[in-house]
Amino acid sequence: MEKAFIGLGANLGDARATLDAALMALQQLPQTEWLGRSSFYRTAPVDASGPDYLNAVAALRSGLSPQTLLAALQSIEQSHGRERPYRNAPRTLDLDLLLYGNQVLDTPALQLPHPRMHLRAFVLAPLLEIDPGVQIPGQGAAAPLLVGLGDQTLQRLGETL
């Protein structure tokens, strides 16, 4: 069983209801133990247009392979009407496998750690909320990386589970 972190985001439709449903779906994954989630954060799109996003990070311990876990995440996205018309398009649901233990992968289908996570405050802030000492393979401690992203505004919305 490996500890995995999943980034969640949505900016179309009822983003809060969609993220709540996605969080419930993550808790039901086979061979997977739910560890918790961050608060929700409201963020402006990065390198994109459209409404603000609602983001969070969930922590799991999973016996699924990274590829199988990614396929499960994509299935959850599809069940919520996820379309991919172009890069960084607004979306009903986005689930990203951010970290899977200390694994480093670089395949056409999956890159671990997520290749842009260290450049995104909307990933690092909720990640650090649930694991303040988290290390990103190839990048080191996540906390100093967030300090350098002060130009990316985000608003913590509170309550955690």
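Arg-91 is a good place to start: with a relative accessible area of 11%, this residue is buried. Keep in mind as you look around that the model is predicted.

## A buried charged pair

What does the side chain of Arg-91 meet in a salt bridge? The partner is Asp-94, with N and O 3.1 Å apart. Asp-94 is found in strand β5, which covers residues 94-100. Is Asp-94 buried or exposed? Its relative accessibility is 12%, and buried means under 20%, so Asp-94 counts as buried. The two side chains are also joined by a polar contact of 3.1 Å. The general idea behind such pairs is simple: side chains of opposite charge can pair when their charged atoms come close.

## Other salt bridges

How many salt bridges does a search of the whole structure find? It finds 4. The table shows three pairs, including the one you have just met.

| Acidic residue | Basic residue | N to O distance |
|---|---|---|
| Asp-94 | Arg-91 | 3.1 Å |
| Asp-20 | Arg-16 | 3.3 Å |
| Glu-129 | Arg-156 | 3.4 Å |

Take Asp-20 and Arg-16, whose side chains meet in a salt bridge. Both sit in helix α1 (residues 15-27), and because they are 4 residues apart there, about one helical turn separates them. Asp-20 counts as partly exposed at 32% relative accessibility, and Arg-16 also counts as partly exposed, at 38%.

Now turn to Glu-129, which forms a salt bridge with Arg-156. Glu-129 lies in helix α3 (residues 121-130) while Arg-156 lies in strand β10 (residues 154-156), so this pair ties together parts that are 27 residues apart in sequence. Glu-129 counts as partly exposed, with 23% relative accessibility.

## Ser-39 joins in

Which residue makes polar contacts with the side chains of Glu-129 and Arg-156? It is Ser-39: its side chain is joined to that of Glu-129 by a polar contact of 2.8 Å, and to that of Arg-156 by one of 3.0 Å. Ser-39 lies in the loop between β2 (32-37) and β3 (41-43). Although it is in a loop, Ser-39 counts as buried, at 0% relative accessibility.

Helix α3, home of Glu-129, is mostly covered, since 7 of its 10 residues are buried. Among those buried residues are Val-123, Leu-124, Pro-126 and Leu-128.

## The nonpolar cores

In soluble globular proteins, nonpolar side chains tend to be buried together. Here the largest nonpolar core has 27 residues, and those touching the most other members are Ile-6, Leu-8, Leu-26, Leu-69, Leu-95 and Leu-97. At least two residues of this core come from each of β1 (2-10), α1, β4 (53-62), α2 (66-79) and β5. Apart from it lies another core, of 15 residues, with Leu-98, Met-117, Val-123 and Val-134 among them.

Leu-8 is worth finding in the structure. Leaving aside its neighbours within four places in sequence, Leu-8 is in contact with residues including Leu-19, Leu-26, Val-57, Asp-94 and Leu-95.

Gly-9 lies in strand β1 and is buried, with a relative accessible area of 3%. Not counting residues up to four places away in sequence, Gly-9 touches Leu-19, Tyr-53, Leu-54, Asn-55, Leu-93 and Asp-94. So Asp-94, buried at 12% relative accessibility, turns up again among the contacts of Leu-8 and of Gly-9. Gly-9 and Leu-119, by contrast, are 16 Å apart in space, C-alpha to C-alpha, and 110 residues apart in sequence.

## Rings and backbone details

How many aromatic pairs does a search of the whole structure find? The count is 0. A ring does take part in another arrangement, though: the charged end of Arg-37 sits over the ring of Phe-40, 4.3 Å from its centre.

Two backbone details are worth a look. The peptide bond from Leu-112 to Pro-113 is cis, with omega near -10°, and Pro-113 lies in the loop between β7 (111-112) and α3. Gln-31, in the loop between α1 and β2, has a phi near 55°, which is a positive value in a residue other than glycine. Is Gln-31 buried or exposed? At 53% relative accessibility, Gln-31 counts as exposed.

Notes
Residues are numbered from 1 along each chain as its sequence is written. This is a predicted model: local features need pLDDT of at least 70, side-chain atom pairs count only at pLDDT 80 or more; totals for chains, interfaces and linings use all residues. Side-chain values use heavy atoms; hydrogens and water are left out. Buried means under 20% relative accessible area, exposed over 50%, partly exposed in between (1.4 Å probe, protein chains only). A polar contact is a pair of N or O atoms within 3.5 Å; within protein, one must be able to donate a hydrogen and the other to accept it, and residues adjacent in sequence count only if both atoms are side-chain atoms. A nonpolar core is a set of buried Ala, Val, Leu, Ile, Met, Phe, Trp, Tyr and Cys residues joined through side-chain atoms within 4.5 Å. Contact means heavy atoms within 4.5 Å. Rings of Phe, Tyr and Trp (its six-membered ring) pair if their centres lie within 6.5 Å; planes under 30 degrees apart count as stacked, over 60 as edge-to-face and the rest as tilted. A charge sits over a ring if NZ of Lys or CZ of Arg is within 6 Å of the ring centre and within 35 degrees of the ring normal.
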